[in-house]
Amino acid sequence: MNVERVANKLGITKERFEGLQETIIKRSGWPEPHLFRFEKPATGIEAGTIVFDNGEIVFGYPKIKRAMMLGPAIKRQFSGTVAVEEKMNGYNVRVASIDGEVYALTRGGFICPFSTEVARDLIDPHLFEDNPHMVLCGEMVGPENPYVPKDIYPIESIEFYLFDVSTKNCSQLKGVYATHRIAKEYGIACTPLLGEFRAECATQRIMEIIRQLGKKGREGVIIKDVENKVSPLKYTSSQSNCSDLEFAFRYYNDYANDFFMSRVVREGFQAAEWDESPEEMKERALRLGESILLPLTATIRGKMRNEQIVQQSQFRVKSIQTARDFEQHLRRSGTKAVFDMPEADGDGYIVRILKLVMSTNDKTQAVIDGQPW
Ligand code: ATP
Ligand code: MG
């Protein structure tokens, strides 16, 4: 690897690249190919940026800011035409071809063995033969998903939805039109384009879209400048905010307080901006309250019956080795999980896993036993 050239492509000096290796840049020696990853952001470089040993760089996917007050946020950010895409709820991967092999990379900059198998299965290999430098950014979505299982989409197992395209060694994203064109050309699923609006009239239309998505339990939208001149914004439905709360309150002691706080505050701003009737407010308050209290009591009562509090999920693999590699991948990223024996099914295997939520288990037990908070 030519460090000088890599540093140059990253927009930093060789000395800085070497200096960052103590704190921000971490080495990953498994699985192959070996790489350096930015565990945290550094000046102008996103967290999750990867430098492979062959010197190729896959930049981190940029953070997307959230609109809290939809109208004012749109007005402040956009001027021309905006494209409104569905924000699909799964996990972010970047897919790239390195030395002729396709890999799926997690947000944090690891090669994920499971996602890699899925990407190789779902993405037409001609895409990387024709475009060896292309990087696909997309969401892995569906019920058989070890990270974010959701059955709110008409997906049987797991699907890859493309939402952005970039090129190795370049942090620039290619924008909405190029992304949808490539998805069409290679028959890849892509996050739905729900409409294109002038920025001045977008707010009302997006509110209506969010109401409709919310009714179906879907997450929300990403609002993108069609000319890709300014960064996108995200905005989510009340049902999705509450479904996040409903999930997290089951494991209340394993989530940061800000996870809860930020979602409750979103509900406040949305209710205020949407100028709801007293009945609509009541409905929202009930939804919010239930998403807090019902999972909490379910957890506490479960523990009172001596049950273990766990997060269950399952996924499908083509080869047993992928399941083993994924187990190792979870372990090295610090997640404690128990894997069942893979069960043969169709042309592959179903793997069931239990993620342990030790902190919530211990805390709940202690409080049940009378420990003060
Ligand atoms: P971020 O730092 O990007 O905000 P986060 O983990 O807080 O990350 P989210 O709140 O889920 O993420 O929102 C951003 C993420 O939404 C993106 O990183 C991407 O994985 C996902 N996403 C889903 N659909 C789209 C889409 N149509 N366009 C862009 N991103 C999308
Ligand atoms: Mg997400």
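**Exercise 1. A pair across two strands**

Task: In this predicted model, find which residue of β12 stands opposite E86.

Solution: Start with the two strands. β6 covers residues 81-87 and β12 covers residues 220-225. They run antiparallel, and six bridges join them. Now look across from E86: the residue opposite in β12 is V221.

Next, zoom out to the sheet that holds both strands. It is an open sheet of five strands, with the order β5-β13-β12-β6-β11 and mixed pairing. At its edges are β5 (65-66) and β11 (193-198), each of which pairs on one side only.

**Exercise 2. The second sheet**

Task: Work out which strands stand at the edges of the sheet β8-β7-β9-β10, and which residue of β10 is the bridge partner of V135.

Solution: Begin with the order. Four strands, β8-β7-β9-β10, form an open sheet with antiparallel pairing. The edge strands are β8 (101-106) and β10 (159-167); each has a single partner strand, so one side of each has no neighbour in the sheet. From one strand to the next, the twist averages 30 degrees.

Then follow one pair of strands. β9 (residues 134-141) and β10 pair in the antiparallel sense over eight bridges. In β10, S166 is the bridge partner of V135.

Finally, add the helix. α4 (residues 113-122) lies across β7 (91-98), β8, β9 and β10, and runs at about 130 degrees to β8.

**Exercise 3. The shell around the ligand**

Task: List the residues that surround ligand 1, then sort the shell by class.

Solution: Walk along the chain. The earlier part of the list holds Y61, K63, I64, E85, K87, M88 and N92. Further on come E139, F163, T191, I222 and K234. By class, the shell has five nonpolar, two polar and five charged residues.

You have already met several of the strands involved. β6 spans 81-87, and the shell includes E85 and K87. β12 spans 220-225, and I222 is one of the shell residues.

**Exercise 4. Where two domains touch**

Task: Describe how domain 2 meets domain 3: how many residues of each are in contact?

Solution: First set the bounds. The domain assignment gives domain 1 (3-58), domain 2 (62-88 + 192-236), domain 3 (238-304) and domain 4 (310-368). Note that domain 2 is written as two segments.

Now take the pair of interest. Over C-alpha atoms, the centres of domain 2 and domain 3 are 23 Å apart. Eleven residues of domain 2 contact nine residues of domain 3. On the domain 2 side, α3 (70-77) and α7 (199-215) each supply at least two of the touching residues. That side has four nonpolar, five polar and two charged residues.

**Exercise 5. Two crossing helices**

Task: What is the relation between the axes of α10 and α12, and which residues make the contact?

Solution: Take the angle to begin with. The axes of α10 (residues 278-304) and α12 (residues 358-368) come within 10 Å and cross at roughly 70 degrees. An angle of 65 to 115 degrees counts as roughly perpendicular, so α10 and α12 are roughly perpendicular to each other.

Then look at the contact itself. α10 brings T299, I300, K303 and M304, while α12 brings T360, T364, Q365 and I368. These contact residues divide into three nonpolar, four polar and one charged.

**Exercise 6. Backbone details in loops**

Task: Which peptide bonds in the loop between β1 and β2 are cis? Where is D99?

Solution: Check each proline in turn. The bond from W30 to P31 is cis, with omega near -15 degrees, and P31 is in the loop between β1 (25-28) and β2 (35-38). E32 and P33 are also joined by a cis bond, with omega about -5 degrees; P33 too is in the loop between β1 and β2.

Now move to D99, found in the loop between β7 and β8. D99 has a positive phi of about 45 degrees, although it is not a glycine.

Terms used
Residues are numbered from 1 along each chain as its sequence is written. Chains are lettered from A and ligands numbered from 1 in the order in which they are written. This is a predicted model: local features need pLDDT of at least 70, side-chain atom pairs count only at pLDDT 80 or more; totals for chains, interfaces and linings use all residues. A residue is near a molecule or strand if its C-beta atom, placed from the backbone, lies within 6 Å of it. Ala, Val, Leu, Ile, Met, Phe, Trp, Tyr, Cys and Pro count as nonpolar, Asp, Glu, Lys and Arg as charged, and the others, Gly among them, as polar. Two strands pair if DSSP finds at least two bridges between them. Domain bounds come from an automatic or database domain assignment. Two residues are in contact if their C-beta atoms, placed from the backbone, lie within 7 Å. Axes are lines fitted to C-alpha atoms, for helices over the stretch in contact, and angles run from 0 to 180 degrees between N-to-C directions. Angles under 35 degrees count as roughly parallel, over 145 as roughly antiparallel, 65 to 115 as roughly perpendicular and the rest as oblique.
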